[in-house]
Amino acid sequence: MIRVDLHMHTWFSGDATITPKLIVEGLHTHPFIKGVAITDHDTLEGYFHARKLAVAYEDILIISGIEVTTQQGHISILGIEEKPTRLSSVESVIDFARERNGTIVIPHPYRELGLGDIARNIQADAVEVLNAYSTNKENKMAKELAKAKDLPGVAGSDAHTPKYMWAAYTEIKAEPNVDNVSKSNRRRLVQVASEKPGKAII
Ligand SMILES: [Zn+2]
Ligand SMILES: [Zn+2]
């Protein structure tokens with residue numbers, strides 16, 4: 001089993017202050033979260049930097065990811081190392097992800113820049129049901145969406161500043177390697193949890 005924060009931004013996002021170095025060192029020193037998906041807005045630069053730095057550590061897992069800005073809202077792809085064109089349609093980004101065997105996660109569907117009810121009709125692998133930046137109500141609606149779509153729920157901090165790092169994480173019942181973690185999302189072996197007081201452990 002591995003605990004992974006599946007939604008993290010670096011300063012390459014343009015609206016975040018976290019450095020790749022801080023993420024790698026933070027994972028190494030964290031008592032139980034040992035994996036992260038770096039999901040910058042429309043870039044993989046932060047992931048490439050973190051992956052390079054992570055070579056020095058044996059106990060941590062860096063998963064590639066990208067939070068894509070589509071015409072309809074944000075959608076995240078894990079496990080790919082190429083980026084789709086910004087402001088494409090959500091359907092074309094999903095095709096892009098499928099062609100590359102990426103894992104598609106619907107982030108914060110009911111918050112600003114989320115897909116909202118469009119998410120009901122798209123094909124994804126998981127719904128983010130716990131986002132540390134979302135309200136309890138928004139997270140609850142996301143959880144209902146996951147249930148309606150019969151998809152696993154995942155969690156991530158969506159940290160843009162160091163204070164929020166590791167505020168939510170996903171427990172994945174798999175050996176810690178990138179392929180296992182991506183596939184586990186599809187096999188529904190995930191549980192989400194938060195170390196923040198006041199947020200439910202689902
Ligand atoms: Zn977003
Ligand atoms: Zn985000």
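Q: In this predicted model, which residues have the most contacts inside the largest nonpolar core?
A: The largest nonpolar core has 41 residues. Its largest share, 5 residues, comes from helix 3 (residues 90-99). Apart from it lies another core, of 13 residues, with Ala 37 and Val 154 among them. Inside the largest core, the residues with the most contacts are Ile 62 and Ile 75.

Q: Which residue that Ile 75 touches also coordinates both zinc ions?
A: Leaving out residues up to four places away in sequence, Ile 75 touches residues including Ile 66, Val 93, Leu 115 and Glu 67. The zinc ion (ligand 2) and the zinc ion (ligand 1) are 3.6 Å apart. The residue that coordinates both is Glu 67.

Q: Is the arrangement of donors around the zinc ion (ligand 2) regular or irregular?
A: The protein donors are His 7 (NE2), His 9 (NE2), Glu 67 (OE) and Asp 158 (OD), lying 2.1 to 2.2 Å from the ion. Four donors count as tetrahedral if all angles lie between 85 and 135 degrees. Here the 4 donor atoms subtend angles of 80 to 173°, so the arrangement is irregular.

Q: How many residues apart in sequence are the parts that His 7 and Glu 67 tie together?
A: Both His 7 and Glu 67 are buried. His 7 lies in strand 1 (residues 2-8), and Glu 67 in strand 3 (residues 61-69). The pair therefore ties together parts whose separation in sequence is 60 residues.

Q: Is Lys 143 buried or partly exposed?
A: Lys 143 is found in helix 4 (residues 136-149). Buried means under 20% relative accessible area, and exposed over 50%. Because its relative accessible area is 41%, Lys 143 is partly exposed.

Note on methods:
Residues numbered from 1 in each chain as written. Chains lettered and ligands numbered in written order. Predicted model: local features only at pLDDT ≥ 70, side-chain atom pairs only at ≥ 80, totals over all residues. Heavy atoms only, no water. Core = buried A, V, L, I, M, F, W, Y, C linked by side-chain atoms within 4.5 Å. Buried < 20%, exposed > 50% of the residue type's maximum accessible area, 1.4 Å probe, protein only. Helix = DSSP H or I, 4+ residues; strand = E, 2+ residues; numbered from the N terminus. Contact = heavy atoms within 4.5 Å. Donors = N, O, S within 2.8 Å, 3.2 Å for Na, K, Ca; no water. Tetrahedral: all angles 85-135°; square planar, octahedral: opposite > 155°, others 65-115°.
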